[in-house]
Amino acid sequence: MSIYLFVTTIATVFISEFLIMVLLDNAKKNEIISSEMFLNFADSFILVLLLYPVLYFFVFKPLLVQITERKRIAEELKEKTVLLQDFNESLKSMVKEETTKHRQKEQMLMQQSKMASMGEMIGLIAHQWKQPLNAVTLNVQDFKEAYIHGELDDKYISETVDSTMRQIEFMAKTIDDFRNFFIPSKRKVKFDVKSAIEELLSMFIHIYHRHDVDVTLTVQPDTLLLTEGYPNEFKQVVLNIMNNSKDAIKSRRNSDISISGVIEINIANNEDKSKVIISLKDYGGGIADDVIDNIFEPYFTTKGTEGTGIGLYMSKTIIETNMGGSLTVHNVDGGAEFVISLAAMET
Ligand SMILES: Nc1ncnc2c1ncn2[C@@H]1O[C@H](COP(=O)(O)OP(=O)(O)OP(=O)(O)O)[C@@H](O)[C@H]1O
Ligand SMILES: [Mg+2]
C-alpha cells in the first residue's frame with residue numbers, strides 16, 4: 001500500500017508538473033499570459049501543489065482503490081480456482097469409485113445368475129458324459145475279452161486306443177466348453193452369432209428336451225452373421241431369454257396341456273445390412289401389459305422365490321451397455337418375442 005502511495009504521489013507530482021509546463025508553454029505562445037508571469041520551475045511548482053490534491057483525490061486515489069480491489073478479486077479468484085480444482089478432483093475420484101462399485105455389483109449379479117444354473121450344469125455334463133463313458137467301458141471290456149481269446153494284434157490295439165482317445169477327448173472338450181462358458185470374455189472380439197448360438201444349444205439343449213421344449217434355429221439367406229462383442233456374455237443372454245421362455249411354456253402348460261413347446265430363434269439382417277437381428281419367440285402366453293415395462297429392472301420377477309429377477313436386467317446391460325446393441329420385447333400371437341439387435345460386421 002505504502003509503495004503505491006509513494007509511486008502515485010511521485011507520479012502525480014511529475015504529471016502535474018508536465019501538464020502545467022505544457023499549458024504554460026501554450027499560454028505563453030498564444031500570448032494569453034506574459035512570459036514574465038511564470039518563468040521557472042519553482043513558479044510552476046506552486047501550481048503543482050495546488051493541482052496535486054485535486055489529481056490525487058479524483059484520479060489517482062480512485063485508481064489506486066480500483067487496482068487494490070482488482071488485486072483482491074484476482075486473489076479470491078485464485079483461491080476459488082484452487083477450491084474448484086480440489087472439488088473437481090474429489091468429484092472425479094468419487095465417480096471413479098462409484099463406477100468401480102457399480103461394475104463390481106454387476107459382476108456379482110452376473111456371477112449369482114451363473115451360479116443359479118450351476119446345478120443344472122453338473123446334470124448336463126453328466127448327461128454329455130454318459131455315452132462316451134459307456135463307450136470307454138465297452139472298449140476296456142472288449143480289450144480284456146480280446147486278450148483272453150488271443151485276438152490282440154497291432155491293428156486291434158491301435159483301433160481300440162484311437163476310439164478310446166476320441167471318447168476321452170470328447171469328454172475333456174465338454175468340460176472345457178462349460179468351464180469356458182463361465183469365464184468372462186476379456187475383450188471385444190468379432191464372432192459369428194449363429195455359431196455362438198449353435199455352441200450354446202449343443203451344450204444346453206438337453207435341459208429343454210427334458211421339459212419337452214424344442215428350440216429351432218433359422219437363418220435367413222445371405223445374412224451377415226458377424227458382430228463384435230463378448231461371445232460368452234452373448235450366449236448367457238440367449239440362455240437367459242430361452243430359460244424365461246421355457247418357464248413361461250411350463251407354467252402355461254399347467255392350464256393348457258396343448259401349448260406348443262417351441263422356442264423359435266431367427267437370425268436376419270435389417271434392410272441395409274447394418275445390423276444382425278436375433279429374435280427369440282415362444283408360445284408361453286406373453287407378458288402381462290402391467291408388467292411388460294418393468295421386466296428389465298433389476299430384481300423384478302413374477303416367479304416369487306423361484307426367480308431372482310436379474311436375468312433380463314443383466315441381459316440388457318450386456319447387450320446395450322457393453323455391446324452397443326439393443327434388447328427389446330413385445331408380445332406376439334400367443335407368446336413373447338425378444339429381439340436382440342447388434343452391429344453387423346463384414347469379415
Ligand atoms: N418369455 C417370457 N414370457 C413371459 N414372461 C416373461 C418372459 N420373459 C420374461 N418374463 C417376465 O419377466 C420377468 C423378469 O425376468 P428375469 O429373467 O429378469 O427374471 P426371472 O426369470 O423372474 O428370474 P431369474 O433372474 O432367475 O431369471 C419374469 O419374472 C417374467 O414375469
Ligand atoms: Mg429369467
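Good morning. I begin with the interior of this structure, where the largest nonpolar core has 37 residues, and where Val237, Val238, Met242, Leu280 and Ile340 have the most contacts inside it. A nonpolar core here is a set of buried Ala, Val, Leu, Ile, Met, Phe, Trp, Tyr and Cys residues joined through C-beta atoms within 7 Å. Buried means that 20 or more other C-beta atoms, placed from the backbone, lie within 10 Å of the residue's own; 12 or fewer makes a residue exposed, and anything in between partly exposed.

The model is a predicted one, in which local features need pLDDT of at least 70 and side-chain atom pairs count only at pLDDT 80 or more, while totals for chains, interfaces and linings use all residues. Residues are numbered from 1 along each chain as its sequence is written, and chains are lettered from A and ligands numbered from 1 in the order in which they are written.

Which elements give two or more residues to this core? They are H5, helix H6 (231-253), E4, E5, H7 and E7. H6 gives the most, with eight residues. These labels are DSSP runs numbered from the N terminus: helices are H or I with at least four residues, strands E with at least two.

Ile340 has contacts with Val237, Ile278, Ile319, Gly325 and Leu327, leaving aside its neighbours within four places in sequence. Contact means that C-beta atoms, placed from the backbone, lie within 7 Å.

Let us turn to the sheet. Its five strands form an open sheet in the order E2-E4-E5-E7-E6, with mixed pairing. Strands E2 (214-219) and E6 (326-332) stand at the edges with a single partner strand each, so one side of each is left without a neighbour in the sheet. Two strands pair if DSSP finds at least two bridges between them. E4 (residues 262-269) and E5 (residues 275-281) run antiparallel and are joined by six bridges; Asn269 has Val276 in E5 as its bridge partner.

Next, helix H7 (residues 311-322) lies across E6 and strand E7 (335-343), at about 130° to E6. Such angles run from 0 to 180 degrees between N-to-C directions, with axes fitted to C-alpha atoms, for helices over the stretch in contact. Nine of the 12 residues of H7 are buried, among them Leu312, Tyr313 and Ile319. Just after H7, Gly324 takes a positive phi of about 65°.

Finally, confidence: pLDDT, the predictor's confidence in each residue from 0 to 100, averages 86 over the protein chain, and 91% of the residues score at least 70.

Conventions
Contact = placed C-beta atoms within 7 Å.
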